[in-house]
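Good morning, colleagues. Please turn to the sequence and the structure as they come up; I shall speak about pockets and aromatic pairs.

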Amino acid sequence: MRTFLELVRSRRSVRAFDKSAINRKDLELCVEAARLAPSACNSQPWKFIIIDDAITKKEIAEKVLSGPYKMNEFARESGAFAAIVSEKVKFPAWAGGKIRKTDFRRIDTGIASEHLVLQAQELGIGSCILGWFDEPKLKKILSVPRSKKIDILIALGYPARTEFSVKKLKDRDEIVSFNRY
């Protein structure tokens with residue numbers, strides 16, 4: 001069993017998938033990890049739509065990841081998608097967000113998404129979190145009401161390769177300080 005830090009170090013944004021289907025039980029484990037994520041005032045402002053149906057995946061690939069969104073066409077080969085729909089936060093989180101000028105829903109869905117992809121990583125499933133996609137077309141395909149927002153689309157699948165380049169990270173001294181900026 002890998003430690004948490006080993007798991008985090010091994011996770012990469014995968015942009016080449018081997019086209020294999022993903023076991024539904026594994027997808028359910030990924031969603032369970034996301035469901036357990038913390039959220040402001042325990043609002044749980046999310047709905048997870050898992051897309052593993054071949055016909056729907058193809059429609060998403062053709063309509064949602066084309067045209068100006070073509071840079072993400074690599075996701076066509078993924079075994080599944082997870083669409084994260086933002087839902088309402090509880091009043092205290094909403095009010096605090098207005099005062100702080102912070103959209104806690106975005107923070108919360110980001111945390112949940114990271115839980116989902118880390119669980120996928122533990123299972124050997126690669127992922128890539130996408131923020132650039134045709135949201136109106138995706139909402140139509142998934143029957144998401146117009147009033148809702150799909151902030152994140154995650155491509156999930158078994159990586160086509162297992163070797164990845166070393167992440168280029170900033171030095172710790174550049175990004176970490178203690179007690180003062």
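How do the residues that line the second largest pocket divide into nonpolar, polar and charged? Three are nonpolar, three are charged, and none is polar. Please bear in mind that this is a predicted model. The lining consists of L5, V8, R9, R12, K167 and L169, and the space in this second largest pocket comes to about 150 Å³.

I turn now to the largest pocket, whose volume is about 200 Å³. Its lining is made up of K88, V89, A93, W94, G97, K98, T102, D103, F104 and R105. Two elements, helix 4 (91-100) and helix 5 (104-122), each give two or more residues to this lining. Helix 4 gives the most, namely four residues. By character, the lining of the largest pocket holds four nonpolar, two polar and four charged residues.

Let me move to the aromatic side chains. The model has three aromatic pairs. In one of them, the ring centres of W46 and F48 are 5.8 Å apart and the planes stand at 35°, so this pair is tilted. W46 and F48 are both buried.

Another pair joins Y69 and W132: the centres lie 4.9 Å apart with the planes at 50°, so this pair is also tilted. Y69 sits in the loop between helix 3 (54-63) and strand 2 (80-86), and W132 in the loop between strand 3 (126-130) and helix 6 (135-142); the pair therefore ties together parts 63 residues apart in sequence. Y69 has a relative accessible area of 17% and is therefore buried, whereas W132, at 42% relative accessibility, is partly exposed.

Key. Residues numbered from 1 in each chain as written. Predicted model: local features only at pLDDT ≥ 70, side-chain atom pairs only at ≥ 80, totals over all residues. Heavy atoms only, no water. 1 Å grid on protein atoms, 1.4 Å probe; cavity = no way out; pocket = protein on both sides within 12 Å on 5 of 7 lines; lining within 4 Å. Points joined across faces, edges and corners; volume = space filled by probe spheres on them. Nonpolar A, V, L, I, M, F, W, Y, C, P; charged D, E, K, R; others polar. Phe/Tyr/Trp six-rings, centres within 6.5 Å; stacked < 30°, edge-to-face > 60°. Buried < 20%, exposed > 50% of the residue type's maximum accessible area, 1.4 Å probe, protein only.
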